[in-house]
Amino acid sequence: MTRISELYQSGTFDLSVEIFPPKSEKGDANLFKTLEELIGYQPAFVSCTYGAGGSTSKRTIELCKIIQDRFQTPATAHFTCVVSTREELIEWLKNASEAGINNIMALRGDPPEGQETFIPADGGLRYANELVALIREHFPKMGIGVAGYPEVHPDAVDAKTDLANLKRKVDAGADAVYTQLFFNNSCFHDFRERCVQAGIHCPIIPGIMPITEFKRIQRITAMCNSTLPVELKGKLESVKDDATAQFEIGVEYAIKQCQELIDDGVPGIHFYALNRSPACKRIFEALGFHKR
Ligand SMILES: NC(=O)C1=CN([C@@H]2O[C@H](COP(=O)(O)OP(=O)(O)OC[C@H]3O[C@@H](n4cnc5c(N)ncnc54)[C@H](O)[C@@H]3O)[C@@H](O)[C@H]2O)C=CC1
Ligand SMILES: Nc1nc(=O)c2c([nH]1)NC[C@@H]1CN(c3ccc(C(=O)N[C@@H](CCC(=O)O)C(=O)O)cc3)CN21
């Protein structure tokens, strides 16, 4: 199956979609329905997150295997440094590789629930660049994606240091950068320009999350340190008791935002679909991507 290193060639456009491991059987059924809907748009890969505290580490591999075997679509497994020793990380990578997974999203990881700051495990890794280096050392052919922060990572000392840290990840061998979700394209443009100036030359893929619910997006943007433009927030607030109106505003906004990015020549878009298909379907169709 395709590796991230083979994507984003000039003249191509690659869609990708992100999901998370559900916590119930009902959640599983919903996820498989979502995958069936979205796979028709032939994403270059589907990525599956890795639960905080490594809670879903086996599930992430299982779901990636299902994405590849049942849905015939390349998978990218998210992978974090949280709670694992070096040896445990290598063991997980071996399992992933044996399951046929060719792509890893290499992350430091969020602190486990109830913990404010990230504390590295004894004998573990502290930063994502160390994880990238570990993967490159033991599995040199693996496709590797890393996270980039147009609005700066919440733990970062400042924007410049954060960018220097992104460069460490790319220099350690990452193939592409996937951005944290953002709603203001000018943030992305500035970020991309700063990346080039800092000597980061790999593809930078915007990460877009369609808004489907005002409450949910407020929760998620707080977690991700992403800003909702004042005007958009006001519009959503004015229909806070109308779920359908919130969805419509979210879809309209994402279509405009993505169309602008495509017109600007981005090599792909990574969609934070997060186990839901209706908004993505509407957006894909409006952008001229049609079902196979
Ligand atoms: N889909 C997912 O699962 C995603 C998860 N995230 C989460 O975002 C958080 C950060 O992850 P990453 O971006 O992978 O972490 P990272 O290790 O690249 O960066 C984390 C923080 O440490 C700083 N830093 C990085 N390398 C450093 C170094 N060598 N020396 C000193 N400081 C350094 C960075 O500036 C940043 O503030 C995690 O909580 C991750 O799980 C982010 C995007 C997507
Ligand atoms: N700091 C950070 N951590 C992440 O894990 C992360 C990011 N940023 N940025 C991009 C995406 C967004 N992620 C998300 C966001 C929301 C859900 C989500 O929908 N969670 C459910 C609850 C999960 C459950 O209990 O089943 C929700 O309704 O909020 C999952 C992954 C993963 N990614």
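**Figure 1. Surroundings of ligand 1 in the predicted model.** Helix α5 contributes the most residues to the shell around ligand 1, namely five. The shell holds 20 residues, and those that come nearest to ligand 1 are Leu-107, Arg-108, Tyr-127, Ala-128 and Asn-165. Two or more residues each are given by β3 (75–80), α4 and α5. Sorted by class, the shell around ligand 1 consists of nine polar, six charged and five nonpolar residues.

**Figure 2. Surroundings of ligand 2.** Around ligand 2 there are 13 residues, of which Phe-20, Lys-23, Asp-110, Cys-224 and Leu-274 come nearest. Seven residues of this shell are nonpolar, four are charged and two are polar.

**Figure 3. The nine-stranded sheet.** The strands form an open sheet in the order β7-β6-β5-β4-β3-β2-β1-β9-β8, and their pairing is parallel. At the edges lie β7 (204–205) and β8, each of which pairs on one side only. Strands of a sheet are held in pairs by backbone hydrogen bonds, in either the parallel or the antiparallel sense.

**Figure 4. Strand β5 and its two neighbours in the sheet.** Of the six residues of β5, five are buried, so the strand is largely enclosed by the rest of the structure. On one side, β4 runs parallel to β5 and is joined to it by three bridges; here Ile-104 stands opposite Ile-144 of β5. On the other side, β5 and β6 (residues 176–179) are parallel and share four bridges. Ala-147 stands opposite Tyr-178 of β6.

**Figure 5. Helix connections on either side of β5.** The path from β4 through α4 to β5 is a right-handed β-α-β unit. A second right-handed β-α-β unit is made by β5, α5 and β6. Strand β5 therefore belongs to both units, closing one and opening the other.

**Figure 6. Packing of helix α4.** Helix α4 spans residues 128–138, and its buried residues are Ala-128, Asn-129, Glu-130, Leu-131, Val-132 and Ile-135. These buried residues pack against α3 (86–98), α5 (159–171) and the strands β4 (103–107) and β5 (143–148). An α-helix has 3.6 residues a turn, so positions three or four places apart point the same way. Val-132 and Ile-135 of α4 are among the buried residues, and both are touched by Ile-144.

**Figure 7. The largest nonpolar core, centred in this view on Ile-144.** This core has 77 residues; the members that touch the most others are Ala-77, Ala-106, Val-132, Ile-144, Ala-174 and Val-177. Leaving aside residues up to four places away in sequence, Ile-144 touches Ile-4, Ile-104, Ala-106, Val-132, Ile-135, Gly-173, Ala-174 and Asp-175. Nonpolar side chains in soluble globular proteins tend to be buried together.

**Figure 8. Strand β9 between β1 and β8.** Strand β9 (residues 268–271) is covered on both faces. Gly-268 and His-270 lie on one side of β9, Ile-269 and Phe-271 on the other, and all four are buried. Strand β1 (residues 14–19) runs parallel to β9 and is joined to it by four bridges. Within this pair, Leu-15 stands opposite Ile-269, while Val-17 has Phe-271 as its bridge partner. Strand β8 (residues 207–208) also pairs with β9 in the parallel sense, over two bridges. There, the bridge partner of Gly-207 is His-270.

Key. Residues numbered from 1 in each chain as written. Chains lettered and ligands numbered in written order. Predicted model: local features only at pLDDT ≥ 70, side-chain atom pairs only at ≥ 80, totals over all residues. Near = placed C-beta within 6 Å. Nonpolar A, V, L, I, M, F, W, Y, C, P; charged D, E, K, R; others polar. Core = buried A, V, L, I, M, F, W, Y, C linked by C-beta atoms within 7 Å. Buried ≥ 20, exposed ≤ 12 C-beta atoms within 10 Å, placed from the backbone. Contact = placed C-beta atoms within 7 Å. Pairing = 2+ DSSP bridges. Right-handed = clockwise from strand over helix to strand, strands pointing away.
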